[in-house]
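Pull up the model and let's walk through it together. We'll begin at one spot where two parts of the chain meet, and work outwards from there.

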Amino acid sequence: MLTNRKPKSKEITEAQALKRIAAQCAKSEHCSGEVDDKLRRWGLSAQERARIIAKLIDAKFIDDERFTNYFVHDKIKLSHWGQRKIEVALRQKHVDSSIISNVLDAVDDNEYLEILRPMIRQKMESVTAKSDYERAMKTIKWAMGRGFTMDVIRKCIDDADEYAED
């Protein structure tokens, strides 16, 4: 006789969870929010999750500020994200807003400009528009979608306009 019951997932003990998550944290950076979400999916109670996270923080497996620094620089250099998009992603990972602010404030606008300038030039060449104004608006909308702030976008568009005039 067939039943529609799903097989029970294996129960994981606190010690097993600590061992598994510590191994994952040793391989790559994770923040406490990511670890908590994973432990919750494994079915651990709030007290067990709190104890595991505290042990990982004490052992330096988890450091939200270190994670945020790596995350910000990776997203700028590799994914070409702007400040707003990075901030939203970090909030979704439950990183403390004071840590997010400190790390993002430490990033120089020139880092964003170095990434966005060539992207803006390339985008402005590929955008079809009836006027320069329309081209600029479409490019601004595109750059805002990548998470860049208006002041950084404006500088890049002004630079692109000067580049086009030369």
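Start where His 73, Ile 76 and Lys 77 of helix 4 meet Glu 111, Tyr 112 and Ile 115 of helix 7. Sorted by class, this contact between helix 4 and helix 7 has three nonpolar residues, one polar and two charged. Keep in mind while you look that this is a predicted model.

How do the two helices run relative to each other? The axes of helix 4 and helix 7 (residues 109-126) come within 10 Å and cross at roughly 30°. Angles under 35 degrees count as roughly parallel, so helix 4 is roughly parallel to helix 7.

Now step just past helix 4, into the loop that links helix 4 to helix 5, and you'll find His 80 there. Its backbone deserves a glance: phi of His 80 is near 60°, which is a positive value in a residue other than glycine. Is His 80 buried or exposed? Neither, quite: the relative accessibility of His 80 is 29%, and buried means under 20% while exposed means over 50%, so His 80 counts as partly exposed.

His 80 also has company from elsewhere in the chain. If you skip its neighbours within four places in sequence, His 80 is in contact with Lys 75, Ile 115, Met 119, Arg 146 and Phe 148. You've met Ile 115 already, as one of the helix 7 residues facing helix 4. For a distance to check in your viewer, the C-alpha atoms of His 80 and Glu 114 are separated by 10.0 Å, and these two residues sit 34 residues apart along the chain.

Carry on from that loop to the next pair of helices. The axes of helix 5 (residues 83-92) and helix 6 (residues 97-106) also come within 10 Å, and they cross at roughly 155°. Anything over 145 degrees counts as roughly antiparallel, so helix 5 is roughly antiparallel to helix 6. The crossing of helix 5 past helix 6 is right-handed. On the helix 5 side, the contact is made by Gln 83, Ile 86, Glu 87, Leu 90 and Arg 91, and on the helix 6 side by Ser 97, Ile 100 and Leu 104. By class, that gives four nonpolar, two polar and two charged residues.

Let's go back towards the N terminus for another positive phi. Lys 60 lies in the loop between helix 3 (46-58) and helix 4 (64-77), and its phi is near 65°, again a positive value in a residue other than glycine. Lys 60 has a relative accessible area of 59%, so it is exposed.

Ser 32 tells another story. This residue lies in helix 2 (residues 32-41) and, with a relative accessible area of 16%, is buried. What does Ser 32 touch, leaving out residues up to four places away in sequence? The list is Ile 53, Ile 62 and Asp 64. With Asp 64 there is a polar contact too, 2.7 Å between the side chains.

Finally, zoom out. The protein chain has nine helices and zero strands, and of its 166 residues, 35% are buried. Among contacts with a separation of 6 or more, 63% are between residues 24 or more positions apart.

Technical notes. Residues numbered from 1 in each chain as written. Predicted model: local features only at pLDDT ≥ 70, side-chain atom pairs only at ≥ 80, totals over all residues. Heavy atoms only, no water. Axes fitted to C-alpha atoms, helices over the stretch in contact; angles between N-to-C directions. Helix = DSSP H or I, 4+ residues; strand = E, 2+ residues; numbered from the N terminus. Parallel < 35°, antiparallel > 145°, perpendicular 65-115°, else oblique. Left-handed = near helix turned anticlockwise from the far one by under 90°. Contact = heavy atoms within 4.5 Å. Nonpolar A, V, L, I, M, F, W, Y, C, P; charged D, E, K, R; others polar. Buried < 20%, exposed > 50% of the residue type's maximum accessible area, 1.4 Å probe, protein only. Polar contact = N/O pair within 3.5 Å; in protein donor to acceptor, adjacent residues only side chain to side chain.
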